[in-house]
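Subject: Handover of a structure and notes on its contents

Dear colleague,

Please find below the structure that I am handing over to you. My notes on what was found in it follow directly after.

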Amino acid sequence: MTAVSLAGVLGALPAAAQGLGAEALPAPTVMSTDRAFSLDPMDPDPVVDPAADPGRPGKPKPPRPGANGCFDIDTVRQEAAGGGAFYAAVSFGIPYVGDESGPGGDIDWDDLSDESGAVPVGACGISIDVGPGGGGTTSDIFIDVITTSGTVHGITCDRTGSVITSCGTWVQRATPTPGDTLTP
């Protein structure tokens, strides 16, 4: 009975969708409300349809979808310094940091894989926090990343107001292991 049902379903599909056609199928594509992204990890430019956002040609590109299955984003919003937010994201194993042009505005992303030090390979999870500063206009931004192999890396960035001005050097931190306990 199952074979008959399956044959009925396959018969309703075009030959290419059944895998019976000689032509190669295109790489999967993700459609969002404002643009399409290719999921092909070898695609140097993941934007499939650049005309999908015709009114904003200068809009910064967001991090692209990840091939390693890891997507993560964290946000911290500061009421001082104009209410802008700071973002940390992982996509395609690459860590990014971003600042917002204003509440709800565009995010200016910066790829952190080109910073010096113990750059995380295969980033999978990320967090961001802002430390205390003098009068709310200057303080450090702390970013931590965990990789698919379980290593933990951190980097500190400087900001002036709601703009990230520079990032320091990646440092590998202690790796969590089973059985770890806090010591007083």
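Val 97 has Asp 110, a residue of strand S6, as its bridge partner. Please note that the model in which this pairing appears is a predicted one. A further bridge to S6 joins Glu 100 with Ile 107. In total, five bridges hold S5 and strand S6 (residues 107-111) in an antiparallel pairing. As general background, the strands of a sheet pair through backbone hydrogen bonds, and the pairing may be parallel or antiparallel.

S5 and S6 also make up a hairpin, with six residues lying between them. In the turn of this hairpin, Gly 104 shows a positive phi of about 80 degrees.

On the other side of the discussion stands strand S4 (residues 85-91), which pairs with S5 in the antiparallel sense over six bridges. One of the residues involved is Ser 91, whose bridge partner in S5 is Ile 94. The hairpin of S4 and S5 has two residues between the strands, and Phe 92 adopts a positive phi near 55 degrees there.

These strands belong to an open sheet of four strands, arranged in the order S3-S4-S5-S6 with antiparallel pairing. Strand S3 (72-77) and S6 are the edge strands, as each of them pairs on one side only. On average, and with direction ignored, neighbouring strands of this sheet are turned by 20 degrees against each other.

How many of the seven residues of strand S5 are buried? Six of them are, so strand S5 (residues 94-100) is largely enclosed by the rest of the structure.

The aromatic residues deserve a separate paragraph. The count of aromatic pairs comes to two. One pair is formed by Tyr 96 and Trp 109: the ring centres are 6.4 Å apart and the planes stand at 80 degrees, an edge-to-face arrangement. Because Tyr 96 is located in strand S5 and Trp 109 in strand S6, this pair ties together parts that are 13 residues apart in sequence. Tyr 96 and Trp 109 are both buried. Through ring pairs, Tyr 87, Tyr 96 and Trp 109 are linked into a cluster.

I should also like to draw your attention to Thr 147, a residue of strand S8 (residues 138-147). Is Thr 147 buried or exposed? Its relative accessible area is 5%; the cut-off for a buried residue is under 20%, and therefore Thr 147 is buried. The side chain of Thr 147 makes a polar contact of 3.1 Å with the side chain of Ser 149. When neighbours within four places in sequence are left aside, Thr 147 is in contact with Pro 120, Val 121, Gly 122, Ala 123, Cys 124 and His 153.

Finally, some remarks on the protein as a whole. The protein contains two helices and 11 strands. Read from the N terminus, the order of its elements is α-α-β-β-β-β-β-β-β-β-β-β-β. Of the 184 residues in the protein, 32% are buried. Among contacts with a separation of 6 or more, 40% are between residues 24 or more positions apart. The protein exposes about 10,700 Å², of which carbon and sulfur atoms supply 59%.

Yours sincerely,
A colleague

Notes
Residues are numbered from 1 along each chain as its sequence is written. This is a predicted model: local features need pLDDT of at least 70, side-chain atom pairs count only at pLDDT 80 or more; totals for chains, interfaces and linings use all residues. Side-chain values use heavy atoms; hydrogens and water are left out. Buried means under 20% relative accessible area, exposed over 50%, partly exposed in between (1.4 Å probe, protein chains only). Two strands pair if DSSP finds at least two bridges between them. A polar contact is a pair of N or O atoms within 3.5 Å; within protein, one must be able to donate a hydrogen and the other to accept it, and residues adjacent in sequence count only if both atoms are side-chain atoms. Contact means heavy atoms within 4.5 Å. Axes are lines fitted to C-alpha atoms, for helices over the stretch in contact, and angles run from 0 to 180 degrees between N-to-C directions. Rings of Phe, Tyr and Trp (its six-membered ring) pair if their centres lie within 6.5 Å; planes under 30 degrees apart count as stacked, over 60 as edge-to-face and the rest as tilted. Accessible areas come from the Shrake-Rupley method with a 1.4 Å probe; for residues, only the protein chains shown count as cover.
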